Amino acid sequence: MSKRKGVSAEEKRTRMLQIFYEKKEFFQLKELERIAPKEKGIIAQSVKDVLQSLVDDGLVDSEKIGTSVYFWAFPSKAKHSKIKQVENAGNRLNEVTKKLKTSQENVAAAKIGREPTEERTQILEKVAKLKSEEELLLKEIQKYKDSDPEVMEKMKNQTQVAKEAANRWTDNIFSIKAWCKNKFFIEENVLNKQFGIDPEMDYLD
């Protein structure tokens, strides 16, 4: 008979959240240490650590009342947490694109042969990272597409604004490259290499 495979940390977190979502009640740690092994196969010794990780990530709320600490979570908690992450990513993207605009203006005025600045390289890397983060968060949000249509519609509008902003600055880079090619008669691949521009850069769909 093969040994039973252990439950991963992420699976324990998912099962713990299921307890809250299914019962919609407030619990003390001792209660969860009794319920989790029976109903979700989470060993009692790991309940405290799993619960703390969910509290740290903002997926479970806790409050001390008198001498007792109570824990609770509802399905909307996870959804709103993801929405907040999308909003934060959008805000950070706006801040970075403002800095990128300044760098792009410097590139347009730069002479051929000038090496890209370290600051501009860092900004481009941040933009790429934020775009990737935004895409991952949007995929995660799709899990909640059947709930709270009004909130989801608002989130989609905010995402569209962020996407349009990213595409606008992508368009600016293409315009600057076209200007440089016409002004100085140099190949696009030379421009890309000269200013550290990813040749695969394109608009977001």
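**Helix packing and local environments in a predicted model**

Apart from neighbours within four places in sequence, N192 makes contacts with K177, I197 and P199. The model described here is predicted. N192 belongs to helix α7, which spans residues 188-195. With a relative accessible area of 7%, N192 falls under the 20% limit and is therefore classed as buried.

The chain as a whole contains 7 helices and 2 strands. Along the sequence these elements are arranged as α-α-α-β-β-α-α-α-α, so that three helices precede the two strands and four follow them. Of the 205 residues in the chain, 32% are buried. The accessible surface amounts to about 13,700 Å², and carbon and sulfur atoms contribute 50% of that area. Among contacts in the chain with a separation of 6 or more, 64% are between residues 24 or more positions apart.

Two helix pairs that share α3 were examined. In the pair formed by helix α2 (residues 29-40) and helix α3 (residues 44-56), the axes come within 9 Å and cross at roughly 120°. An angle of this value lies outside the 65 to 115 degree range for roughly perpendicular axes and does not exceed 145, the limit for roughly antiparallel ones; α2 and α3 are therefore oblique to each other. Their crossing is right-handed. On the side of α2, the contact involves L29, L32, E33, A36 and P37, while α3 contributes A44, V47, K48 and L51. Sorted by class, this contact comprises 7 nonpolar and 2 charged residues, with no polar residues.

The second pair joins helix α1 (residues 9-23) to α3, with an angle of about 80° and axes 10 Å apart. This angle makes α1 roughly perpendicular to α3. The residues of α1 that take part are K12, R13, M16, L17 and F20, and those of α3 are S46, V47, V50, L51, S53 and L54. By class, the contact of α1 with α3 holds 7 nonpolar, 2 polar and 2 charged residues. V47 and L51 of α3 are listed in the contact with α1 and also in the contact with α2.

L17, one of the α1 residues in the contact with α3, also has a C-alpha to C-alpha distance of 8.2 Å to L59, although the two are 42 residues apart in sequence. L59 is located in the loop between α3 and β1 (61-65). The relative accessible area of L59 is 13%, and L59 is therefore buried.

The loop between α1 and α2 contains K24. K24 is exposed, with a relative accessible area of 52%, which is over the 50% limit. The phi angle of K24 is positive, at about 50°, although K24 is not a glycine. Most residues other than glycine have a negative phi.

A further buried position is found in helix α6 (residues 149-184), where T159 is located. The relative accessibility of T159 is 8%, so this residue counts as buried. When neighbours within four places in sequence are left aside, the contacts of T159 are with V86, E134 and L138.

How values were computed. Residues are numbered from 1 along each chain as its sequence is written. This is a predicted model: local features need pLDDT of at least 70, side-chain atom pairs count only at pLDDT 80 or more; totals for chains, interfaces and linings use all residues. Side-chain values use heavy atoms; hydrogens and water are left out. Buried means under 20% relative accessible area, exposed over 50%, partly exposed in between (1.4 Å probe, protein chains only). Contact means heavy atoms within 4.5 Å. Accessible areas come from the Shrake-Rupley method with a 1.4 Å probe; for residues, only the protein chains shown count as cover. Axes are lines fitted to C-alpha atoms, for helices over the stretch in contact, and angles run from 0 to 180 degrees between N-to-C directions. Angles under 35 degrees count as roughly parallel, over 145 as roughly antiparallel, 65 to 115 as roughly perpendicular and the rest as oblique. A crossing is left-handed if the near helix is turned anticlockwise from the far one by less than a right angle, and right-handed if clockwise. Ala, Val, Leu, Ile, Met, Phe, Trp, Tyr, Cys and Pro count as nonpolar, Asp, Glu, Lys and Arg as charged, and the others, Gly among them, as polar.
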